[in-house]
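Biologist: I am new to this structure and would like a close look at a single part of it, the helices that pack against one another. Could you take me through that part slowly, and then add a little about what lies elsewhere?

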Amino acid sequence: MEEEAIRRIREGFTALYGAEPEGGWAAPGRVNLIGEHTDYNDGFVMPFALPHVTVAAVARREDGVLRLHSADVPGGPVELRVDDLTPGSDKDWTAYPAGVVWALREAGHAVTGADVHLTSTVPSGAGLSSSAALEVVVALALNDLCALGLKGWQLARLCQRAENVYVGAPTGIMDQTASACCEAGHALFLDTRDLSQRQIPFDLAAEGMRLLVVDTRVKHAHSDGEYGKRRAGCEKGAALLGVDALRDVPYADLEAALERLGDEEEVRRLVRHIVTENQRVERVVSLLESGDTRAIGPVLTEGHASLRDDFRISCPELDTIVDTSLSAGALGARMTGGGFGGSAIVLAEEADVDTITKAVEKAFATAGFKTPRVFEAVPSAGARRLA
Ligand code: ADP
Ligand code: MG
């Protein structure tokens with residue numbers, strides 16, 4: 001499968017640019033098991049990599065030209081000059097890879113141009129981080145080809161900078177780190193304050209379970225603005241409590257912190273979500289490490305309630321997935337990603353997968369929602385060189 005993908009992307013590169021690429025690279029999308037909206041609060045997250053990847057064939061250039069082509073976007077290669085790259089100047093998909101080249105050069109790395117041809121199996125805009133996969137695959141290819149010697153977490157930081165500054169999307173560090181650093185059969189326990197990480201064995205199939213991703217195939221229009229509001233509200237909470245970030249409020253101090261926030265009802269709800277969510281990540285880690293995998297189900301479901309009621313970023317489609325799958329026997333379920341659409345995850349016994357899938361599809365049809373896309377998420381490898 002992977003060999004076929006790389007053969008095709010190499011052939012595509014040669015047809016497009018009239019020369020062989022120097023290599024092929026892959027970077028995955030991700031799904032977050034638990035730890036939602038904690039990454040811009042210096043907190044904990046726990047993503048794992050999907051089998052879905054962005055695959056790129058790349059060759060260096062010495063002449064300052066950057067040519068970018070996606071097989072998934074109509075039209076020929078877009079040609080840019082590395083000297084001209086300026087944050088905010090590219091309005092389409094090319095801003096992501098161009099932003100990576102900009103961030104590498106801004107950090108003092110000698111990138112003198114490249115030809116890039118890529119394609120992806122990561123659903124775009126589904127909350128599964130197609131943007132991070134796109135950034136990380138380009139960063140890893142240039143890291144290898146230009147012998148920059150950067151580690152996965154360093155590439156992730158540069159990719160985040162590309163997305164925040166060059167593209168102009170205020171995202172945390174989770175997505176890029178997940179794509180760069182995850183390992184097959186594991187979830188990544190990541191402390192987003194210092195990027196320290198631990199690979200946690202997460203092999204559901206061996207224990208007779210499955211994790212389903214249900215993509216609602218909707219993205220409600222106001223989602224970006226709402227993300228910004230939540231972020232600002234969390235910062236306000238940290239300022240009112242006199243801490244650098246909400247990560248610094250221990251779970252044991254939550255009640256006292258809420259008391260101090262007085263009648264700041266909106267901020268109180270955001271703070272409660274972040275503090276309890278960090279604690280949920282730690283509970284999931286300890287349950288997995290003690291082999292009590294089924295017991296993470298209720299913790300995931302608790303996380304959903306917190307995102308729905310306190311953080312208020314769910315939507316009818318996501319709530320329908322969670323409620324329906326739990327009624328149909330799921331061990332746990334929650335929305336994942338930014339909210340207001342995107343995807344939910346469902347933890348289930350293998351034997352219940354068909355019943356749950358049918359129940360969710362039926363509930364969506366009854367409610368008049370778009371037909372959801374359901375697939376099984378197997379914890380897969382992070383970014384890597386393929387050829
Ligand atoms: P998500 O990361 O959740 O998929 P984003 O809105 O952050 O959603 O990123 C999606 C954007 O990334 C797309 O609109 C497009 O600009 C870019 N993108 C993702 N995959 C590809 C691809 N295969 N080819 C070109 N652009 C892509
Ligand atoms: Mg994204």
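Modeller: What follows goes through three helix pairs in turn, and then turns to the ligand and to one loop residue.

Please keep in mind that this is a predicted model. Two packed helices are described by the angle between their axes and the distance between the axes, and each pair below is introduced in that way.

I begin with helix H8, which covers residues 265–289, and helix H9, which covers residues 296–309; these two pack at an angle of about 170°, and their axes are 10 Å apart. That angle makes H8 roughly antiparallel to H9, because angles over 145 degrees are counted in that class. The crossing in which H8 passes H9 is left-handed. On the H8 side the contact is made by Arg269, His273, Thr276, Glu277, Arg280, Arg283, Val284, Leu287 and Leu288, while H9 contributes Ile296, Val299, Glu302, Gly303, Ser306, Leu307 and Asp309. Sorted by class, the residues of this contact of H8 with H9 are six nonpolar, four polar and six charged.

H8 also has a contact with helix H6, residues 223–241, and here the packing angle is about 90°, with the two axes 9 Å apart. H6 is therefore roughly perpendicular to H8. From H6, the residues Arg230, Gly233, Cys234, Lys236, Gly237, Leu240 and Leu241 meet Val267, Leu270, Val271 and Ile274 of H8. The contact of H6 with H8 consists, by class, of seven nonpolar, two polar and two charged residues.

Returning to H9, we can follow the chain to helix H10, residues 316–327, where the axes of H9 and H10 come within 11 Å and cross at roughly 150°. H9 and H10 are therefore roughly antiparallel to each other, and H9 passes H10 in a left-handed crossing. Thr301, His304 and Arg308 of H9 make this contact with Leu318, Asp319, Val322, Asp323 and Leu326 of H10. Its residues divide into three nonpolar, two polar and three charged.

Away from these helices, ligand 1 is surrounded by 16 residues, of which the closest are Ser70, Asp72, Gly125, Ser130 and Ser131. A polar atom in the side chain of serine 70 lies 2.7 Å from a nitrogen atom of ligand 1, and an N or O atom in the side chain of aspartate 72 is likewise 2.7 Å from a nitrogen atom of ligand 1. For serine 130, a polar side-chain atom lies 2.6 Å from an oxygen atom of the ligand.

The last stop is alanine 383, in the loop between strand E12 (373–376) and strand E13 (384–385). Alanine 383 and alanine 133 are 250 residues apart in sequence, yet their C-alpha atoms are 8.3 Å apart in space. Setting aside neighbours within four places in sequence, alanine 383 is in contact with Ala26, Ala27, Pro28, Val136, Leu140, Ser179 and Ala180.

Technical notes: Residues numbered from 1 in each chain as written. Chains lettered and ligands numbered in written order. Predicted model: local features only at pLDDT ≥ 70, side-chain atom pairs only at ≥ 80, totals over all residues. Heavy atoms only, no water. Axes fitted to C-alpha atoms, helices over the stretch in contact; angles between N-to-C directions. Helix = DSSP H or I, 4+ residues; strand = E, 2+ residues; numbered from the N terminus. Parallel < 35°, antiparallel > 145°, perpendicular 65-115°, else oblique. Left-handed = near helix turned anticlockwise from the far one by under 90°. Contact = heavy atoms within 4.5 Å. Nonpolar A, V, L, I, M, F, W, Y, C, P; charged D, E, K, R; others polar. Near = heavy atom within 4 Å. Polar contact = N/O pair within 3.5 Å; in protein donor to acceptor, adjacent residues only side chain to side chain.
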